[in-house]
Amino acid sequence: DEENSEVEESNAAEVHEDRISKLRNKIDYLKKTITSKMEDEEYTQTLKEEEEEAREIFKMLDLDNDGFITSTEMLYAFEKYPNEFTLDDEDGIFEWTFKKLDLDNNGFITLEEFGEYLDEVTEEGHVVSDEEYKGFYDSDIDGDGQVSYEELVMINLFSEADEDEDGQISYEEFLNA
């Protein structure tokens, strides 16, 4: 009887441990499910907030509310909201930015184009500056969205030859290269 009692206690302990293990697994699964759902909801909320912010910025730029931004509207908005937008056109950044936003090159920027531009210049939470973005696209000589080895070589050769860094190679600089 003692042996049977010990076996029964051992079996009961195993059953109890098995139940506890299953409960822990269920709890862990529920925690992961709830955490995942919360993260998805937070991510979705973040996306909604970003989309709303993009719409608000678009509305600030679309002065006549026709659903399109012209270069005139964009320039006016940059001047009207100096704290919101930086207008430093010494390097043609304004014109360049407008061209990058106007994906179909029709002279108007739609909300969709604006959103695509924002998606493109935002990388994993890091907003790429206009200068970085312009630097990449200036390096992409053939406009295919990638900088090839040949393009880099041409840019490096140009940079080395342009001694006074004015963006042009004079006759003397050409001879020195």
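# A guided tour of the predicted model

Glu165 is a fitting first selection, since with a relative accessible area of 69% this residue counts as exposed. The model on the screen is a predicted one, and every value quoted along the way is computed from it. Glu165 sits in the loop between helix H6 (149-161) and helix H7 (171-176), and its phi is near 55°, a positive value in a residue other than glycine. Most residues other than glycine have a negative phi.

**The whole chain**

Before going further, zoom out and colour by secondary structure: the protein has seven helices and two strands, and along the sequence they follow the pattern α-α-α-α-β-β-α-α-α. Of the 177 residues, 18% count as buried. If you switch on a surface, about 13900 Å² is exposed, and carbon and sulfur atoms supply 50% of that area. Among the contacts with a separation of 6 or more, 35% are accounted for by residues 24 or more positions apart.

**The nonpolar patch**

Next select Phe158, Ile169, Tyr171, Phe174 and Leu175, which make a nonpolar surface patch of about 560 Å². Which helix gives the most to the patch? Helix H7 does, with three residues. Tyr171 lies in this helix, and its relative accessibility of 62% means that it counts as exposed.

**Two salt bridges in helix H1**

Now move to helix H1 (residues 2-61) and show the side chains of Glu52 and Arg55, both of which lie in this helix. The structure holds two salt bridges, and one of them joins Glu52 to Arg55, with the closest N and O atoms 3.3 Å apart. The two residues are three residues apart, about one turn of the helix. Glu52 is partly exposed at 37% relative accessibility, and Arg55 is likewise partly exposed, at 35%.

Continue along H1 to Glu56 and Lys59, which form a salt bridge whose closest N and O atoms are 3.9 Å apart. Because Glu56 and Lys59 are three residues apart in helix H1, about one helical turn separates them. An α-helix has 3.6 residues a turn, so residues three or four places apart point the same way. Side chains of opposite charge can pair when their charged atoms come close. Glu56 has a relative accessible area of 39% and is partly exposed, while Lys59, with 49%, is partly exposed as well.

**The two sides of helix H2**

Select helix H2 (residues 71-80) and look down its axis, with Glu73, Met74, Ala77 and Phe78 highlighted as the buried residues of this helix. These four cover an arc of only 135° around the axis, and therefore they lie on the same side of H2. On the other side of H2, colour Thr72 and Glu79, which are exposed.

**The loop between H3 and H4**

The next stop is Asp102, which is placed in the loop between helix H3 (93-101) and helix H4 (111-121). How far away is the nearest side chain of opposite charge? That side chain belongs to Lys99 and is 9.5 Å away, and Asp102, although buried, has no salt bridge. A salt bridge here would need a side-chain nitrogen of Lys or Arg within 4 Å of a carboxyl oxygen. To see what surrounds Asp102, display Gly107, Phe108, Ile109 and Glu113, which are the residues it touches when those up to four places away in sequence are not counted.

Stay in the loop between H3 and H4 and select Asn105, which also lies there. Is Asn105 buried or exposed? At 60% relative accessibility, Asn105 counts as exposed. Its backbone deserves a look too, as Asn105 has a positive phi of about 55° although it is not a glycine.

**Into helix H4**

For the last selection, take Glu116, whose place is in helix H4. Glu116 counts as partly exposed, with a relative accessibility of 39%. Draw a distance from its C-alpha to that of Leu103: the two residues are 13 residues apart in sequence and 8.8 Å apart in space.

Methods: Residues are numbered from 1 along each chain as its sequence is written. This is a predicted model: local features need pLDDT of at least 70, side-chain atom pairs count only at pLDDT 80 or more; totals for chains, interfaces and linings use all residues. Side-chain values use heavy atoms; hydrogens and water are left out. Buried means under 20% relative accessible area, exposed over 50%, partly exposed in between (1.4 Å probe, protein chains only). Lys and Arg count as positive and Asp and Glu as negative; His and the chain ends are not counted. Contact means heavy atoms within 4.5 Å. Accessible areas come from the Shrake-Rupley method with a 1.4 Å probe; for residues, only the protein chains shown count as cover. Patches are made of residues with over 30% relative accessible area and no salt bridge: like charges are joined within 9 Å, nonpolar side chains (Val, Leu, Ile, Met, Phe, Trp, Tyr) within 5 Å. The arc is that of the directions from the helix axis to the C-beta atoms.
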